[in-house]
Amino acid sequence: MTKVAVLCSGGDAPGMNAAVRAVVRTGLSHGYHMLGVENGYAGLIDGSFVALNSLSVADILNRGGAFLGSARSPEFRTPDGLATAVANCHQHQIDVLVVIGGDGSYAGAATLVAEGVNVIGLPGTIDNDIACTDYTIGFDTAVNTAVESMYRLRDTSSAHHRASLVEVMGRHAGYIALYSAIAAGADMVLLPEQIKSQEQIAEELIGHQKMGKNHQLIVVAEGWGDSAQLADYLASSTGIKINHDVLGHIQRGGEPSSMDRIHASMMGQFAIDLIAQGLVNQLVGWRHGEYMCMSIEAGLAAKKTLSADMLKLANVLSH
Ligand code: F6P
């Protein structure tokens, strides 16, 4: 009987549970033996495998977090850690391992493939920074959470005629920042992909004030740089009162949106369909409105850039 194991790796993302549920239930519908691995690659090293049936994944569709646990495992990057993980996969006779995670998790998957373990990757990260897919599970929920928080901050900054400088997650990529800035009507967005000098930012704030804006919303991606230092600089150089808030892990938690649940469920099913066709060592994605897959090697080599149209729009709408 085909044995499929599933794990969540890296930063958790809302919708990871929905993906596990879909993988398990579609796998069971093919007659596969389904297992979960607890705490990502760390669980592969510890041998933390658990049998999963249909009921094990009941009542998790709407739950944020990762019920199997998720982790970043420095030990997995060592030769000994990798060897133990591979030995455990062989000992448990795992035919295919489904890894739900981001780029770092995919790099880990590539090392497993090189050691003869079959892997399918599903994109699970709030950052939406995986090149081989237009969408990653968790992104929509994270953006919705950020936008809701920004509207709360808008209420108070408009009452006090201040500027709100809000840092959102996104270590290497500005997707959450750009999307939430457009959806929240931000006056400025600062992205790692598009560096502006502090002087230029201060000038733009003063320009907005002169136009008659008595409150402003500035969205900063985590990967842009030190937002606290920027807030101090802007307060002292412009004289505008600045509220500085870091949304942080709030963006990772909470109920997944319907969009995240649907993409997670479809991608989970897609992963099992690939296994049924005998196709492994693939990354599942959603591109140009279709679910698709690409080899792990090609996926890791691909590059993703922010949409030039969206960047232009964010700029035009802020004036
Ligand atoms: O990759 C997802 C993410 O939430 C990033 O946006 C953020 O930089 C990072 O994880 C934070 O990781 P940790 O929770 O391990 O500090």
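Domain bounds here come from an automatic or database domain assignment, and for the protein chain this assignment gives domain 1 (3-138 + 256-301) and domain 2 (140-253). The centres of domain 1 and domain 2, taken over C-alpha atoms, are separated by 34 Å. Counting contact as heavy atoms within 4.5 Å, 14 residues of domain 1 are in contact with 13 residues of domain 2.

This is a predicted model, in which local features need pLDDT of at least 70 and side-chain atom pairs count only at pLDDT 80 or more, while totals for chains, interfaces and linings use all residues. Residues are numbered from 1 along each chain as its sequence is written, and side-chain values use heavy atoms, with hydrogens and water left out.

Around the ligand, the shell (residues with a heavy atom within 4 Å of it) consists of Arg72, Thr125, Ile126, Asp127, Met169, Gly170, Arg171, Glu222, His249 and Arg252. Domain 1 and domain 2 each supply at least three residues to this shell. By class, the shell holds two nonpolar, three polar and five charged residues, where Asp, Glu, Lys and Arg count as charged and Gly is among the polar ones.

Several side chains make polar contacts with the ligand, a polar contact being a pair of N or O atoms within 3.5 Å.

| Side chain | Ligand atom | Distance |
|---|---|---|
| Asp127 | oxygen | 2.7 Å |
| His249 | oxygen | 2.7 Å |
| Arg252 | oxygen | 2.8 Å |

Taken alone, the ligand exposes 400 Å², of which the protein buries 77%, with accessible areas computed by the Shrake-Rupley method using a 1.4 Å probe.

Methods:
A polar contact is a pair of N or O atoms within 3.5 Å; within protein, one must be able to donate a hydrogen and the other to accept it, and residues adjacent in sequence count only if both atoms are side-chain atoms.
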